[in-house]
Amino acid sequence: MVEITPLTPVFAARVTGLDIGRGVDAATMATLKDALDRHSVLVFPGQAIDDAAQVAFSEGFGPLERTRPGAPGAGSPVIILSNVGPDGGIEAPTAKQVLNNKANRLWHHDSSFKQLPARASLLSAREIPSAGGDTEFASMRAAFAALDPAEQAALKGRVAIHDFGWSRARVDAALVSEDERRQHPPVRQAMVLEENPYGPALYLGAHARSIEGMEEEAARILIDRLMAHATQPAFTYAHRWQRHDLVMWDNRAVLHRATPFATATERRHMVRTCVAGSAPTLAVAA
Ligand code: OGA
Ligand code: MN
């Protein structure tokens, strides 16, 4: 019997009573899809799965994204977030992999720089550090609900420009190649999504560079203010990882970010799959 236990008064829930490696029946999948809509973040403890089992379970939620060229795991449905190199040792802190992990420390929605951004991500903890390396989540549904009605109305219909080259360059100029810039030109994303049956959500994150029809500086101030509002403690949940946790989140309802750990001395090896969005954000805009 699947049991779903809320982790905060606002969002996120722990899901127990299933063994993902053995496969999940259709009725349980329906329960989990509704739970994801309702709670935005699902924590499945004690799931010692391999990549194949993770892919199979993830596909139950819809077709998976392929990892973008230039990232570890490129072309396959798994992306590896790790400071452990191919030889099994810890990577030098200058490696692109480590810089990418640093970029993950900015609040973001996965792949919001794509024309069709991800619906959900599933992250499996294969190796975790003894301290740090938590993953934090912020509810963009709670954030939207807490805005006053006049501001909610003003945000509906707004479009933000999400720009991968710009956001990566903010982290480190060496992080984005000309090739990657060409592959990911700026895209238009709705600022308020209305695809969730439990309520609308703000959609912003680290790649949100500007707002259509707004002067650059005013847009920057508005984005920064909304991001600060959304990530206040009342709307956040910090996940302290246990080995073999699988955590799933709705990218169209939460922001998330990585937090620091001793990358030079401690191993952290995570494997992620991403369920593709079923519609562009502009098609589900408020
Ligand atoms: C991700 C991500 C954060 C972390 O998997 O998309 O941003 O803590 N991860 O590893
Ligand atoms: Mn991410």
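This briefing covers the surroundings of ligand 1 and the manganese ion (ligand 2) in a predicted model. Local features need pLDDT of at least 70, side-chain atom pairs count only at pLDDT 80 or more, and totals for chains, interfaces and linings use all residues. Side-chain values use heavy atoms, with hydrogens and water left out, and residues are numbered from 1 along each chain as its sequence is written.

**Ligand 1: shell**
- The residues around ligand 1 (a heavy atom within 4 Å) are L81, N104, H108, D110, L123, T135, W249, H256, A258, R268 and R272.
- This shell divides into four nonpolar, four polar and three charged residues, where Asp, Glu, Lys and Arg count as charged.

**Ligand 1: polar contacts and cover**
- Polar contacts are pairs of N or O atoms within 3.5 Å.
- From oxygen atoms of ligand 1, a side-chain N or O atom of T135 lies at 2.6 Å, a polar side-chain atom of R268 at 2.8 Å, and a polar side-chain atom of H108 at 3.1 Å.
- On its own, ligand 1 has 290 Å² of accessible area (Shrake-Rupley method, 1.4 Å probe), and the protein covers 99% of that.

**Manganese ion (ligand 2)**
- Its protein donors (N, O and S atoms within 2.8 Å of the metal) are H108 (NE2), D110 (OD) and H256 (NE2), at 2.1 to 2.2 Å.
- Water is not among the atoms, so the site may look incomplete.
- The donor residues follow the sequence spacing H-x1-D-x145-H.
- Both H108 and D110 are buried (under 20% relative accessible area, 1.4 Å probe, protein chains only).

Conventions. Chains are lettered from A and ligands numbered from 1 in the order in which they are written. A polar contact is a pair of N or O atoms within 3.5 Å; within protein, one must be able to donate a hydrogen and the other to accept it, and residues adjacent in sequence count only if both atoms are side-chain atoms. Donors are N, O and S atoms within 2.8 Å of the metal (3.2 Å for Na, K and Ca); water is not among the atoms, so sites may look incomplete. Buried means under 20% relative accessible area, exposed over 50%, partly exposed in between (1.4 Å probe, protein chains only).
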